[in-house]
Amino acid sequence: LPTNIRGRDYSRPDFWAVPASQFSITAPRGFECLGTTVAPSDGMGEAVITPEGDASAALLLSRAAAPTGLGTPDTRGWSASGRSCLYVPPDLALLPAGTSMVFGVRVTPTNASLPISDPSNLWSIDVSTP
């Protein structure tokens with residue numbers, strides 16, 4: 001992600017309180033978002049750090065077919081409505097900028113779903129952060 005994603009910070013006085021960040025994934029016309037799933041655990045969740053402490057350099061040495069999975073968000077923050085799945089992190093949580101997030105989105109097609117070859121069959125991701 002290009003920016004920090006934060007949960008609501010209620011630890012400050014009300015006038016300084018920080019609302020939660022959120023991001024949504026919207027499916028193309030004709031699909032309905034059913035929810036999300038956690039990332040597959042196969043080959044994921046391994047802390048990959050070089051002896052010098054450089055995690056990004058260690059990823060280049062990894063032969064894993066998928067990211068490490070360390071950026072899998074808490075599934076309790078997800079909701080689904082219509083074509084969109086929305087994520088709001090738990091209170092006081094932080095996903096730092098540059099974090100890779102790995103999750104699955106479950107959708108169901110309808111009779112109005114676009115074919116995969118249609119150029120307007122596009123997904124969108126919107127991020128809102130205070």
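How many salt bridges does the structure hold? The structure holds one, and the tour will reach it after a look at the fold and the core. Keep in mind throughout that this is a predicted model.

**The whole chain**

Start with the protein chain in a cartoon view, where you should find one helix and eight strands. Followed along the sequence, these elements come in the order β-β-β-α-β-β-β-β-β. Of the contacts in the chain with a separation of 6 or more, 77% are accounted for by residues 24 or more positions apart, and several of the stops below give individual examples of pairs that are distant in sequence. If you switch to a surface, the chain exposes about 8,500 Å², with carbon and sulfur atoms supplying 55% of that area. Buried residues make up 28% of the 130 residues.

**The largest nonpolar core**

Next, select Ile5, Phe23, Ile25, Cys33, Trp78, Cys85, Tyr87, Leu95 and Met101, the nine residues that make up the largest nonpolar core. Strand S2 and strand S5, the latter spanning 84-87, each supply at least two residues of this core.

Within this selection, centre the view on Ile25 and display what surrounds its atoms. Setting aside neighbours within four places in sequence, Ile25 is in contact with Trp78, Arg83, Ser84, Cys85, Phe103, Val105, Trp123, Ser124 and Ile125.

**The aromatic rings**

Now reduce the display to rings: a search of the whole structure finds three aromatic pairs. One of them joins Phe23 and Tyr87, a tilted pair whose centres are 5.6 Å apart and whose planes meet at 50°. Because Phe23 lies in strand S2 and Tyr87 in strand S5, this pair ties together parts that are 64 residues apart in sequence. Both Phe23 and Tyr87 are buried.

Add Trp78 to the selection, and a further pair appears between Trp78 and Tyr87, counted as tilted because the ring centres are 5.1 Å apart and the planes stand at 45°. Trp78 is buried, with a relative accessible area of 13%, while the value for Tyr87 is 2%. Through such ring pairs, Phe23, Trp78 and Tyr87 are linked into a cluster.

**Ser24 and Ala80**

Stay in strand S2, which covers residues 22-26, and select Ser24. Is Ser24 buried or exposed? Its relative accessible area is 15%, so Ser24 counts as buried, the cut-off being under 20%. Apart from residues up to four places away in sequence, Ser24 touches Cys85, Leu86, Ser124, Ile125 and Asp126.

From Ser24, measure across to Ala80 in your viewer: the two C-alpha atoms are 9.4 Å apart in space, although the residues are 56 apart in sequence. Ala80 lies in strand S4, residues 78-81, and is partly exposed, at a relative accessible area of 38%. With neighbours within four places left aside, Ala80 is in contact with Cys33, Leu34, Gly35 and Cys85.

**The salt bridge and its loop**

Then select Asp91 and Arg8, which form a salt bridge whose closest N and O atoms are 2.9 Å apart. The pair links distant parts of the chain, with Asp91 in the loop between S5 and strand S6 (94-95) and Arg8 in the loop between strand S1 (5-6) and S2, 83 residues apart. Asp91 is partly exposed, at 39% relative accessibility, and Arg8 is likewise partly exposed, with a relative accessible area of 39%.

While the loop between S5 and S6 is on screen, turn to Leu92, which is also found there. Its phi is near 65°, a positive value in a residue other than glycine, and Leu92 counts as partly exposed, at 47% relative accessibility.

**Last stop: Ser120**

Finally, move to the loop between strand S7 (103-109) and strand S8 (124-128), where Ser120 is found. Which side chain does the side chain of Ser120 meet in a polar contact? The partner is the side chain of Asp118, at 2.7 Å. Ser120 is partly exposed, with a relative accessible area of 44%. Show Arg29 as well, and you can follow a separation of 8.7 Å between the C-alpha atoms of Ser120 and Arg29, residues that stand 91 apart along the chain.

Definitions and conventions:
Residues are numbered from 1 along each chain as its sequence is written. This is a predicted model: local features need pLDDT of at least 70, side-chain atom pairs count only at pLDDT 80 or more; totals for chains, interfaces and linings use all residues. Side-chain values use heavy atoms; hydrogens and water are left out. Helices (H or I, at least four residues) and strands (E, at least two) are DSSP runs, numbered from the N terminus. Buried means under 20% relative accessible area, exposed over 50%, partly exposed in between (1.4 Å probe, protein chains only). Contact means heavy atoms within 4.5 Å. Accessible areas come from the Shrake-Rupley method with a 1.4 Å probe; for residues, only the protein chains shown count as cover. A nonpolar core is a set of buried Ala, Val, Leu, Ile, Met, Phe, Trp, Tyr and Cys residues joined through side-chain atoms within 4.5 Å. A polar contact is a pair of N or O atoms within 3.5 Å; within protein, one must be able to donate a hydrogen and the other to accept it, and residues adjacent in sequence count only if both atoms are side-chain atoms. Rings of Phe, Tyr and Trp (its six-membered ring) pair if their centres lie within 6.5 Å; planes under 30 degrees apart count as stacked, over 60 as edge-to-face and the rest as tilted. A salt bridge is a side-chain nitrogen of Lys or Arg within 4 Å of a carboxyl oxygen of Asp or Glu.
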